[in-house]
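Student: I would be grateful for a close look at one part of this structure, followed outward to the parts that deserve attention after it. Please explain the reasoning at each step.

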Amino acid sequence: MNDSTDLDVSCFDYLLPSLGADMDEGRVVEWRVGAGDTVHRGDLMAVVETEKSDIDIEIWHDGVVEEFLVEIGELIDVGTPIVRLRRLDAELSGTSDSARAPSGPPGPPPAPTEASAPLPPAPRFDRHEERIPASPLARRLADERSLDLSTIEGTGPHGAVVEADVRRTATAATATGSSAPERQRTPASMRALIAERMSRANREIPHYHLARDIDVGPLDAWLAERNASRPITERVLPAACLIRAVGLAAAKHREFNGAWVDDHAEPADSINVAMAISLRRGGLVTPHVEAADRRSLDEVMERLNELVAAARSGNLRASWMTGSTITVTHLGDTGADLVHGVISPPQLALVGFGRARRRPWVIEDLVTIRPIVTATLAADHRATDGADGSRFLATIAHHLEHPEDL
Amino acid sequence: MSDLTTDPTGVETPTMTYREAMREAIRDALATDERVFIMGEDVADYGGTYAVTKGLYEEFGRDRVRNTPLSESGFVGAGIGAALGGLRPIVEIMTVNFSLLALDQLVNTAATLLHMSGGQFNVPLVVRTTTGAGRQLAAQHSHSLEGWFAHVPGLKVVAPATPEDARWMLPTALADPNPVIIFEHSALYNERGPVDATLGPVDLERAAIRRAGTDLTIIVSAGMVPKAIEAADQLAASGVSAEVIDLRSLRPLDFDTLAASLDCTHRALVVDEGWRTGGLSGEIAASLGERCFWSLDAPVTRLASAEVPIPYAKHLETAAIPQVYDIVANARALVGER
């Protein structure tokens with residue numbers, strides 16, 4: 001139990017996880033559990049606000065929630081204990097504590113529920129909406145002080161940010177000299193985050209770019225036939241095929257799947273294909289499909305649907321956001337013809353797909369019209385060379401040209 | 001009238017009821033200006049339905065204190081004629097509900113003549129009428145329609161809420177060369193308060209801060225003023241500092257005073273005994289929204305009477321009009337729970 005910081009072996013602390021390479025702090029905006037709740041591996045514990053979005057965080061151990069260790073809205077470092085949990089009976093040798101009534105183990109007795117557990121916040125405006133509820137005065141004051149309203153905990157009616165909230169935040173920021181309030185996930189700050197990451201990519205990663213045209217006629221026909229007999233909710237979109245094809249290709253060409261760490265490439269065991277999803281309010285997020293090489297096409301599609309819905313509503317799970325090993329960007333049918341991608345550090349490659357165009361195409365000795373997608377590879381020249389990239393692209397093309405094997 | 005109150009400076013100020021103050025104002029006007037006379041239903045021998053003119057007939061005689069038939073249109077029209085002829089009539093309309101029978105005279109004639117005569121004929125008419133609920137007088141004697149008159153250019157509309165304003169608004173109204181309507185709230189007639197006998201005519205265009213506060217501004221007039229002050233007392237006990245502003249004048253509205261208050265409190269609750277829809281509270285709220293938007297820390301909120309004819313039954317009447325606890329609850333919601 002590497003997340004235990006408590007000498008009392010009957011208890012362990014749940015720490016604020018890192019939800020991305022760039023995250024070093026965050027704040028709990030909502031508890032998803034209450035004191036006394038029994039939680040199991042994979043249960044959602046809280047919603048954590050990071051620079052990118054609000055993310056549900058999961059727990060990896062079973063236990064009973066004893067105590068919340070941080071306040072809603074408090075800015076905390078990654079690794080800070082946020083919830084104290086009591087181990088389930090089975091994990092303790094020789095004790096038979098009931099879930100709620102531990103009898104006399106050392107350590108602090110559980111405080112009464114109502115006293116120790118911050119209640120879940122009252123119903124509030126949806127924090128994910130673009131418009132943050134705030135009074136005109138609060139807006140004006142925040143503007144004058146260059147404070148980001150989304151960083152200010154609202155205490156007014158319906159959770160609206162009011163004057164007192166702005167003044168409190170301004171005072172706190174002045175007192176600590178913290179610049180934290182400016183670093184948050186508004187479209188502007190998301191822009192700043194993207195700017196920082198992309199600048200780093202272009203500064204540190206010697207990119208090389210390759211392109212390959214792929215005839216997606218067979219894929220279109222196969223998908224059309226396959227989807228014709230399915231209800232709309234079970235239909236597979238081309239994007240899922242792209243992820244699946246890249247996943248399969250990355251499994252074969254592992255030098256493109258992983259991270260550049262210090263001075264060498266570290267191929268990853270799992271193939272987690274991230275998908276760039278643009279947000280209506282601006283900016284983009286890149287949650288991934290875990291183990292894309294080992295999921296069926298339907299499973300990839302199912303997860304992709306989840307990711308898009310969660311991304312657009314701002315409810316991405318932490319486990320979808322961390323540990324991406326390669327990224328796919330798909331411009332869609334209204335996009336550009338091809339994309340010269342920028343790698344998301346510390347990954348090693350990004351595969352881009354342009355729109356499908358009806359183009360003259362030579363098959364045998366005949367010129368015909370086929371739907372063509374240009375696949376591009378942006379790869380880290382420190383890790384691979386053009387010949388490797390060509391083979392990687394060829395494998396991707398092969399999978400897309402043989403959709404029945406996807 | 002005989003009571004005395006001692007203010008913090010040690011000066012003794014006589015107190016009187018709102019009714020006594022109004023009567024004293026009329027008596028003073030009749031005594032000091034021979035152009036002044038009062039007419040209305042039962043104002044002479046009976047002393048007025050609300051006993052405001054009690055004793056004046058005996059003191060000044062039938063020429064100065066005149067009973068009229070039950071014809072509001074007729075006697076208001078007569079008042080306009082008298083005003084045009086050089087007199088200074090005070091016309092008493094028993095309740096605001098009956099003033100509707102005189103709407104044509106007031107809106108089409110009194111309010112327009114100066115304009116339509118190219119400035120030749122002003123109408124120095126004063127109309128007094130009662131307004132408001134709370135005395136179980138049912139739906140034809142209890143409404144608050146002063147907002148309708150406040151809609152009309154050419155009229156001045158005032159609503160004294162204190163005995164002192166009851167005493168000293170009338171001379172200002174009589175001195176005004178144009179029509180002034182004075183709304184007296186029926187529930188205030190027995191309210192007792194200090195009246196400075198030497199104060200003299202007061203202005204009719206400025207709102208008054210009846211209680212200073214810093215957390216929100218409660219904007220009221222007439223019968224809602226004592227309720228708002230009581231609400232402010234209760235709010236103070238729980239740490240909410242409410243400023244109570246008595247509009248005094250409903251037309252024109254003194255937005256300078258309201259805006260200055262909101263600059264401090266950033267929140268406003270408009271309490272109106274009239275109905276909400278199309279009412280004066282909406283006018284005030286909208287104007288404050290326009291003028292003070294970037295100062296507001298909460299929506300300008302209205303508390304008005306239920307949209308029903310005012311009921312006769314006591315408990316229903318109480319429920320229909322804003323009460324102290326309604327004001328307190330709305331104020332609390334506005335500042336957030338403390």
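Tutor: In this predicted model, R357(A) has a relative accessible area of 14% and therefore counts as buried, since the limit for that term is under 20%. R357(A) belongs to strand β19 of chain A, which covers residues 357-363. Its side chain forms a polar contact with the side chain of T374(A), at 2.5 Å. T374(A) also appears among the residues that R357(A) touches once neighbours within four places in sequence are set aside; the others are D213(A), D337(A), R370(A), P371(A) and I372(A).

A second buried residue may be set beside this one. G63(A) has 0% relative accessibility, so it too is classed as buried. G63(A) is part of strand β6 of chain A, residues 63-68. Its C-alpha atom is separated by 5.7 Å from that of T38(A), although their positions lie 25 residues apart along the chain. When residues up to four places away in sequence are not counted, G63(A) touches T38(A) together with D37(A) and V39(A), and also F12(A), L85(A), R86(A) and L88(A).

From single residues we may turn to the nonpolar interior. The largest nonpolar core has 74 residues, and the members that touch the most other members are M45(A), I82(A), F353(A) and I396(A). The element giving the most to this core is helix α6 of chain A, residues 238-252, with ten residues. Domain 1 (2-131) and domain 3 (183-405) of chain A each supply at least three residues to this core.

I396(A) shows how such contacts are arranged around one residue. Beyond residues up to four places away in sequence, I396(A) touches A245(A), V246(A) and A249(A), as well as V351(A) and F353(A). A separate, second core holds 48 residues, including V123(B), V152(B), V270(B) and V300(B).

Helix α6(A) merits its own examination. Twelve of its 15 residues are buried, and α6(A) is therefore largely enclosed by the rest of the structure. Among these buried residues are A245(A), V246(A) and A249(A), and the list also includes R244(A) and G247(A). The length of α6(A) can be checked as well: because each residue should add 1.5 Å, its 15 residues should span 21 Å, and the end C-alpha atoms are indeed 21 Å apart. The expected span uses one less than the number of residues, which is why the multiplication is not made with the full count.

Methods
Residues are numbered from 1 along each chain as its sequence is written. Chains are lettered from A and ligands numbered from 1 in the order in which they are written. This is a predicted model: local features need pLDDT of at least 70, side-chain atom pairs count only at pLDDT 80 or more; totals for chains, interfaces and linings use all residues. Side-chain values use heavy atoms; hydrogens and water are left out. Helices (H or I, at least four residues) and strands (E, at least two) are DSSP runs, numbered from the N terminus. Buried means under 20% relative accessible area, exposed over 50%, partly exposed in between (1.4 Å probe, protein chains only). Contact means heavy atoms within 4.5 Å. A nonpolar core is a set of buried Ala, Val, Leu, Ile, Met, Phe, Trp, Tyr and Cys residues joined through side-chain atoms within 4.5 Å. Domain bounds come from an automatic or database domain assignment. A polar contact is a pair of N or O atoms within 3.5 Å; within protein, one must be able to donate a hydrogen and the other to accept it, and residues adjacent in sequence count only if both atoms are side-chain atoms.
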